[in-house]
Amino acid sequence: SSRTGVKEDTVSHRGEQQRSDEDYGYGLFPKRKEAKYKKGSVGESLFTFHNKCQLMLHFALETSPYAKFLLGVMKQSGCTAYQDRHFSCEDCDGTVSGGFDAATSQIVLCQNNVHRQSHMNRVVTHELIHAFDHCRAHVDWFNNLKHLACSEIRAANLSGDCSFGNELSRFNFGFKRHHQECVRDRALRSVLAVRKVTPEEAKKVVDEVFDSCFNDLAPFGRIPHSKNDVKFASRDFQNRDRYYGNL
Amino acid sequence: MTAAAGAAVAWRPPRSCEDYWSEWKHCKSLWNRFHHYYAFGTSLTCRQWKADYEACREWEKESSAEAKELLQQSERARVAEQNKFAPVWQLRQKPPDDWYLPLDHSKPQDS
């Protein structure tokens with residue numbers, strides 16, 4: 001099964017290198033460090049994974065209520081996300097589905113691992129939550145494991161990663177409070193994927209920040225289990241001035 | 001006497017009465033109950049939304065101070081519930097400086 005929300009980190013600022021790229025998960029995204037505009041071969045088929053990814057991404061941004069809501073909130077906060085600047089379809093290693101690169105303010109979609117529109121919608125939502133966190137808070141993606149874990153908890157919680165249906169499809173048949181088990185597990189795995197820490201260290205950090213981050217439901221104000229929940233969240237967001245002005 | 005500049009706008013309920021009604025209906029729905037149990041393992045009580053709706057209607061009819069107080073208390077409790085835990089990070093005052101910077105397509109080893 002695929003993992004999403006793999007955290008990325010930058011290594012070099014103006015040529016200085018403190019730790020290797022591998023320490024920050026860049027190994028999973030081999031195309032990140034190559035020159036961007038390599039031309040395809042002449043014999044390349046017209047409908048490549050890259051094209052398909054771009055199309056599905058566009059469709060997600062235009063039609064997914066979760067994505068549209070997040071984009072709208074970010075725009076209000078001064079972080080308008082443009083498809084051609086803030087999103088990139090690339091080949092990735094392993095089974096990872098996407099990532100957020102704070103160094104370039106870019107969401108990476110793994111064109112070789114995301115083949116269904118529903119999956120694309122969920123990955124985009126997940127990564128947009130990271131982007132949203134980056135936009136509204138001083139998230140120290142690079143040096144603070146708690147911050148990283150926190151954003152992963154939130155992304156797993158709010159993106160639909162841990163929906164009942166998705167868990168069933170992974171043959172995880174929990175029900176009572178299962179959502180939280182799923183969120184914990186996926187956050188843990190995301191942290192382990194991009195940081196060279198032991199499972200014990202990762203678990204300790206996830207446990208430390210879990211209560212705070214699981215209950216941080218911004219910008220939804222609730223765990224969105226359906227498009228209807230997103231509609232309510234959107235309504236609340238439109239109404240926020242009236243709401244806070246009359247408390 | 002004229003009103004001072006920046007005089008407060010008249011108070012009204014934090015949400016429209018229709019919003020309280022639809023939140024109550026939504027809260028009670030099977031779908032929502034199912035997912036609440038899935039997420040929290042507890043059963044849900046939706047009575048507060050109904051109470052808020054009634055207070056809202058009361059306010060619309062009679063502008064009673066009691067209805068206003070009830071609504072304010074209820075909503076403040078909701079906000080407090082959302083802010084129970086200290087945040088892990090510090091919020092920004094403005095968006096990141098480099099959000100719109102053009103991408104650098106040269107390799108990072110270049111200066």
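**Exercise 1.** What is the area buried between chain B and chain A, and what percentage of it do carbon and sulfur atoms give?

*Solution.* Keep in mind that this is a predicted model. Start with the area: about 5000 Å² is buried between the two chains, with 57% coming from carbon and sulfur atoms. Next, look at who pays for it on chain B. The trio B:Tyr38, B:Trp89 and B:Trp99 accounts for 20% of what chain B buries against chain A, more than any other three residues. Finally, count heads: 68 residues of chain A are in contact with 45 residues of chain B.

**Exercise 2.** Work out how many salt bridges and polar pairs cross the interface of chain B and chain A.

*Solution.* Go for the charges to begin with: 4 salt bridges turn up across the interface. One pair to look up is A:Asp236 with B:Arg15, a salt bridge whose closest N and O atoms sit 3.3 Å apart. Then widen the search to polar contacts, and you get 31 residue pairs, both partners at pLDDT 80 or more.

Now ask which elements of chain B take part. Helices H1 (17-28), H2 (30-40) and H4 (65-82), plus strand S1 (90-91), each bring at least two residues to the side that touches chain A. H2(B) has the largest share, 7 residues. Sorted by class, that side of chain B holds 25 nonpolar, 10 polar and 10 charged residues.

**Exercise 3.** Find which strand of chain A pairs with S1(B), and in what sense.

*Solution.* Go to residues 137-138 of chain A: this is strand S5, and its pairing with S1(B) is antiparallel, over 2 bridges. To check the register, place A:Ala137 opposite B:Leu91.

Methods
Residues numbered from 1 in each chain as written. Chains lettered and ligands numbered in written order. Predicted model: local features only at pLDDT ≥ 70, side-chain atom pairs only at ≥ 80, totals over all residues. Heavy atoms only, no water. Contact = heavy atoms within 4.5 Å. Buried area = accessible area lost by both parts, 1.4 Å probe. Salt bridge = Lys/Arg side-chain N within 4 Å of Asp/Glu carboxyl O. Polar contact = N/O pair within 3.5 Å; in protein donor to acceptor, adjacent residues only side chain to side chain. Helix = DSSP H or I, 4+ residues; strand = E, 2+ residues; numbered from the N terminus. Nonpolar A, V, L, I, M, F, W, Y, C, P; charged D, E, K, R; others polar. Pairing = 2+ DSSP bridges.
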